Amino acid sequence: MENVLLIRYGEIHLKGLNRPYFERALLQRIKQVTDSLGANVTREQGRIFVFGIDDEHLPGVLDSLTRVFGIHSISPAVAVNKDYATIADTALNLIRTRVASTGDSTFKVFAKRSDKSFHMDSMTLCRELGAYILHNYDGVSVNVKRPQIELTVEIRDFAYIYTDVIPAAGGMPTGTAGRCALLLSGGIDSPVAGYMVARRGVELSAVHFFSYPYTSVRARDKVVDLARLLARYTGEVKLHLVPFTEIQLAIYDSCPSKETTVLMRRLMMRIAERIAASDGARALVTGEAIAQVASQTLDSLCVTDDAVSMPVFRPLIGFDKDDIVRIAKRIDTFETSILPYEDCCTVFVPQHPVTHPKLDTLRKSELLLSDCMDDMIDRAIAETECICVRYED
C-alpha cells in the first residue's frame with residue numbers, strides 16, 4: 001500500500017497526434033514542483049501519478065499542483081495490489097477516515113476498470129464493495145443520487161482508491177502556446193490578464209514602466225510581488241523594469257495636455273514590442289477593457305495599436321470590473337494590487353484627457369518629439385533592469 005497523487009488533465013485529451021507533446025510539457029511542470037521532495041512522477045493511460053510525497057509536505061504540494069496550468073483535478077489516493085480483499089479493506093478504511101474527519105454518512109462507489117483482465121467488471125466491483133462496506137460499518141448508508149462520499153476505485157497497474165477530487169487550474173501546460181510579453185502595471189487588471197493568457201499555455205515575460213522619483217521604490221517592489229504571484233501559476237517570469245521618467249516629462253512638456261495619456265501608451269507599446277522581440281515573444285498582452293478609462297475607449301485602443309506591428313491581446317476586453325476583481329481575488333493578486341503605491345500611469349494625468357483621439361492628430365503630436373524620441377527609447381531600453389522572478393513559499 002502506498003500513498004499517491006492521481007492527477008487528471010482535460011483539454012489535452014483532445015489534441016490528437018500532438019497529445020504526447022502536451023503531456024510531456026505537463027509532466028515536466030509537475031516535476032518542477034515536486035522534484036525537490038524526491039517524488040517519482042509517472043504517466044500512464046491518461047493519468048499522471050506522483051509517488052513519494054509524505055504527509056508533512058502533502059498540503060503544500062497539493063496547493064502548488066492545483067495552480068499548475070494543464071491539471072484539471074487531483075485526488076490523494078492509496079495504491080494497492082489488485083487483490084479484491086486488499087481493495088475492500090482499504091476502501092473501508094478510507095470511508096471510516098472520511099466519516100471521522102467530516103461526519104459524512106452517505107456514500108456511493110464508483111469503479112473504473114482500465115485493466116480488463118481484472119476478474120470483476122466495474123458494475124460488479126461497485127456492488128460488491130458497497131455491500132462489504134455496509135456489512136462491516138454501521139455508520140454509513142448508500143445514497144446513489146446525492147452521496148456525501150464518492151468512493152472511487154480505478155483498476156490500472158495497481159488499484160487506486162480515493163474519496164476526494166480537488167479542482168485545479170485547468171487550461172494548457174505553460175509554454176505550449178509560445179511566449180507573450182505582459183504590460184504589467186501595479187493595478188488589478190494586468191495580473192489577471194496575464195493569468196488568463198498564461199492559462200492557455202502561454203509563457204510570460206513582463207514589462208513594467210516606472211517613473212522614479214514620481215513613483216516610489218515601494219511601487220516597484222509591488223510589481224515584483226505581483227510577478228511573483230503570477231509565477232506561482234506560470235513558473236518563472238522574466239520581468240523587465242523600464243525607466244520611463246524622461247519620456248513622460250518630454251511628452252508632458254512638448255505635447256497637448258489632453259493627448260498625453262494616449263501618447264504615453266503608444267510609446268510604452270513601442271518599447272514593450274522591442275523588449276518582447278528580444279525575448280522571443282510573439283505578442284503583447286494588456287489588461288485593458290473597453291471603456292473602463294479614457295485611454296481604453298475603442299478609438300484610444302485603435303490609436304494605441306497603431307504604434308506597433310506585433311499583435312496585442314486583451315483577454316479582459318469585454319469584462320466588467322466586478323468580473324476582474326473576482327478573478328483577482330481567486331488568484332490572490334487583489335490584495336497586492338490595491339496597495340496604495342502609484343504607478344507611472346497615475347502620474348501626469350491630464351484633467352480632461354481625450355476620449356476619442358484621431359490617429360492623424362496623434363501622429364502629428366508625436367512629431368513634436370521627433371528630435372529626441374528614438375534616443376529616449378534607446379536609453380530606456382538600455383537602462384532597463386531585467387530580473388527572473390520565481391514564486392517561493
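Which ring does the charged end of Arg96 sit over? Keep that question in mind; point 1 answers it.

1. **Charges over rings.** This is a predicted model. In the model, the charged end of Arg96 sits over the ring of Tyr137, 5.5 Å from the ring centre. A second case involves a lysine. The charged end of Lys329 sits over the ring of Phe334, at 5.1 Å from its centre.

2. **Aromatic pairs.** The structure holds 8 aromatic pairs. One of them joins Tyr21 and Phe22. Their rings meet edge-to-face, with 5.1 Å between centres and 75° between planes. Is each ring residue buried or exposed? Tyr21 has a relative accessibility of 39%, so Tyr21 counts as partly exposed. Phe22 has 11%, so Phe22 counts as buried.

3. **A pair across the chain.** Phe69 and Tyr233 form a stacked pair. The centres are 5.9 Å apart, and the planes differ by 20°. This pair links distant parts of the chain, 164 residues apart. Phe69 lies in the loop between helix 2 (58-65) and strand 4 (73-80). Tyr233 lies in helix 6 (residues 217-234). Both Phe69 and Tyr233 are buried.

4. **A ring cluster and strand 3.** Ring pairs join Phe49, Phe51, Phe158 and Tyr160 into a cluster. Phe49 and Phe51 belong to strand 3, where they point one way along with Arg47. Ile48 and Val50 point the other way. How many residues of strand 3 (residues 47-51) are buried? The count is 5 of 5, and the strand is mostly covered.

5. **Neighbours of strand 3.** Strand 3 pairs with strand 1 (residues 2-8) in the antiparallel sense, over 5 bridges. Here Ile7 has Ile48 as its bridge partner. Strand 3 also pairs with strand 2 (residues 40-44), again antiparallel and over 5 bridges. In that pairing, Thr42 stands opposite Phe49. Strands 2 and 3 make a hairpin with 2 residues between them. Look at Gln45 in the turn: its phi is positive, about 50°.

6. **The largest nonpolar core.** This core has 34 residues. Those with the most contacts inside it are Phe209, Phe244, Ile247, Ile251, Leu267, Ile271 and Leu284. Five elements are worth locating. Strand 10 (179-183), strand 11 (203-210), helix 7 (245-254), helix 8 (260-279) and helix 13 (373-382) each give two or more residues to the core. Helix 8 supplies the largest share, 10 residues. Apart from this core lies another, of 33 residues. Ala198, Ala206, Val224 and Leu230 are among its members. There is a wider tendency behind such groups. In soluble globular proteins, nonpolar side chains tend to be buried together.

7. **Helix 8 up close.** Why is helix 8 described as largely enclosed? Because 17 of its 20 residues are buried by the rest of the structure. Its length also checks out. At 1.5 Å a residue, its 20 residues should span 28 Å, and the end C-alpha atoms are 28 Å apart, so the two agree. Gly280 follows the helix, with a positive phi near 80°.

8. **The open sheet.** What is the strand order in the open sheet of 6 strands? The order is 14-13-10-11-12-15, and the pairing is mixed. Strand 14 (312-313) and strand 15 (385-389) stand at the edges. Each has a single partner strand, so one side of each is left without a neighbour in the sheet. Strand 15 pairs with strand 12 (residues 237-243) in the antiparallel sense, over 5 bridges. Within that pairing, Lys238 stands opposite Cys388.

9. **Cysteines.** How many disulfides does a search of the whole structure find? The search finds 0. Cys386 is in no disulfide. Its nearest cysteine sulfur belongs to Cys388, 5.5 Å away. With a relative accessible area of 38%, Cys386 is partly exposed.

10. **Lys31.** Lys31 is found in helix 1 (residues 19-34). Its relative accessible area is 27%, so Lys31 is partly exposed. Gly10 is 21 residues away along the chain, and the C-alpha atoms of the two are separated by 19 Å.

Technical notes:
Residues numbered from 1 in each chain as written. Predicted model: local features only at pLDDT ≥ 70, side-chain atom pairs only at ≥ 80, totals over all residues. Heavy atoms only, no water. Core = buried A, V, L, I, M, F, W, Y, C linked by side-chain atoms within 4.5 Å. Buried < 20%, exposed > 50% of the residue type's maximum accessible area, 1.4 Å probe, protein only. Helix = DSSP H or I, 4+ residues; strand = E, 2+ residues; numbered from the N terminus. Phe/Tyr/Trp six-rings, centres within 6.5 Å; stacked < 30°, edge-to-face > 60°. Lys NZ or Arg CZ within 6 Å of the ring centre and 35° of its normal. Pairing = 2+ DSSP bridges. Expected span 1.5 Å × (residues − 1). Disulfide = S-S within 2.5 Å.
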